[in-house]
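Please examine the sequence and the three-dimensional structure below before reading on. The paragraphs that follow lead from the pairing of strands to charged side chains, cysteines and a pocket.

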Amino acid sequence: MDYFLLKQIGTISIPKEKEHNQEEPSVRIMENISSLEKFDYLAEEALFSDRVKLLLEQYLIEEDWRPCTFIEPKKQEQKTFWFLPPLACTPDNVVFASNGIPCSVTINEEAFARKSSGIFYIPNPKGTPFVIVHMSIAESILRRGFCGLGFNRLSTDT
């Protein structure tokens, strides 16, 4: 099976959430909200645009997505992204390169067939979390021409 590390192409600074409550929507004041138009994925907090969320909902059926709304009061504009929901299935093993980025994953094919959505969330205590997707999901994303995201292929052991 082929898996890919989802990565953000380009940089953007987004305001941090002041109080972290996993169940409540996040609302953040931001200047130059139009800069978010270049991104459908914000790696810093694994946030997805409405467009990507609609696709991922096909793989994450009946999951609760928490919104993160960026507001620019002066222009009375807003843009909503969505936190990746908590995922029950994780890879059996993740190998990290010396730079701290995942380079290999081990997936149990039997477990994958029964319960995996093909999307994995790997927390990172040192910063940006990692999102790993199956090749079928990566292909779906690429076909739709989403902005500001790319993929790094991971070696896999099954």
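Two strands are said to pair if DSSP finds at least two bridges between them. The model discussed here is predicted. By that rule, E4 and E6 are paired, because 3 bridges join them and at least two are needed. The two strands run antiparallel. Within this pair, the bridge partner of Ser49 in E6 is Phe81.

Strands of a sheet pair through backbone hydrogen bonds, and the sense may be parallel or antiparallel. The sheet to which E4 and E6 belong is open and consists of 5 strands in the order E2-E5-E6-E4-E3, with mixed pairing. Its edge strands are E2 and E3, each of which pairs on one side only.

At one edge, E3 and E4 are joined in the antiparallel sense over 2 bridges. Here Tyr41 has Phe48 in E4 as its bridge partner. On the other side of E6 in the strand order stands E5. Strand E5, residues 66-72, is joined to E6 by 7 bridges, and these strands too run antiparallel. One position of this pairing places Phe70 opposite Lys79 in E6. E5 and E6 form a hairpin with 4 residues between them. In the turn of the hairpin, Gln76 has a positive phi of about 50°.

How far is strand E6 enclosed by the rest of the structure? Strand E6 spans residues 77-83, and 5 of its 7 residues are buried, so the strand is largely enclosed by the rest of the structure.

The next topic is charge. Side chains of opposite charge can pair when their charged atoms come close. The count of salt bridges in this model comes to 6. One of them joins the side chains of Glu45 and Arg28, with 2.7 Å from N to O. This pair links distant parts of the chain, 17 residues apart: Glu45 lies in the loop between strand E3 (41-42) and strand E4 (47-49), while Arg28 lies in strand E2 (residues 26-29). Are these two residues buried or exposed? Glu45 counts as buried because its relative accessibility is 16%, where the limit for that class is under 20%. Arg28 likewise counts as buried, because its relative accessibility is 3%.

A second salt bridge is formed by Asp40 and Arg51, whose closest N and O atoms are 2.5 Å apart. Distant parts of the chain are linked here as well: Asp40 is in the loop between E2 and E3, and Arg51 is in helix H1 (residues 50-56), 11 residues apart. Asp40 counts as buried, since its relative accessibility is 5%. Arg51 is partly exposed, with a relative accessible area of 43%.

The side chains of Lys53 and Glu57 also meet in a salt bridge, at 2.7 Å from N to O. Of these partners, Lys53 is buried at 12% relative accessibility, whereas Glu57 is partly exposed at 28%.

The cysteines come next. A disulfide is a covalent bond between the sulfur atoms of two cysteines. The structure holds 0 disulfides. Cys68 is in no disulfide, and the nearest cysteine sulfur to its own, that of Cys147, is 18 Å away. Why is there no bond between Cys147 and Cys68? The sulfur of Cys147 lies 18 Å from that of Cys68, its closest cysteine sulfur, and is therefore too far for a bond. Cys68 is buried, at 0% relative accessibility. Cys147 is partly exposed, with a relative accessible area of 32%.

The final topic is empty space. Rolling a probe the size of a water molecule over the atoms shows where such space is left. The second largest pocket holds about 180 Å³ of space. Its lining includes Leu5, Leu6, Lys7 and Gln8, together with Tyr41, Phe130 and Asn152, among others. Which strands supply at least two residues each of this lining? They are strand E1 (3-8) and strand E10 (130-134). E1 provides the largest share, 4 residues. By class, the lining has 8 nonpolar, 3 polar and 1 charged residues. Tyr41, which lines this pocket, is also the bridge partner of Phe48 in E4.

Definitions and conventions
Residues numbered from 1 in each chain as written. Predicted model: local features only at pLDDT ≥ 70, side-chain atom pairs only at ≥ 80, totals over all residues. Heavy atoms only, no water. 1 Å grid on protein atoms, 1.4 Å probe; cavity = no way out; pocket = protein on both sides within 12 Å on 5 of 7 lines; lining within 4 Å. Points joined across faces, edges and corners; volume = space filled by probe spheres on them. Nonpolar A, V, L, I, M, F, W, Y, C, P; charged D, E, K, R; others polar. Salt bridge = Lys/Arg side-chain N within 4 Å of Asp/Glu carboxyl O. Buried < 20%, exposed > 50% of the residue type's maximum accessible area, 1.4 Å probe, protein only. Disulfide = S-S within 2.5 Å.
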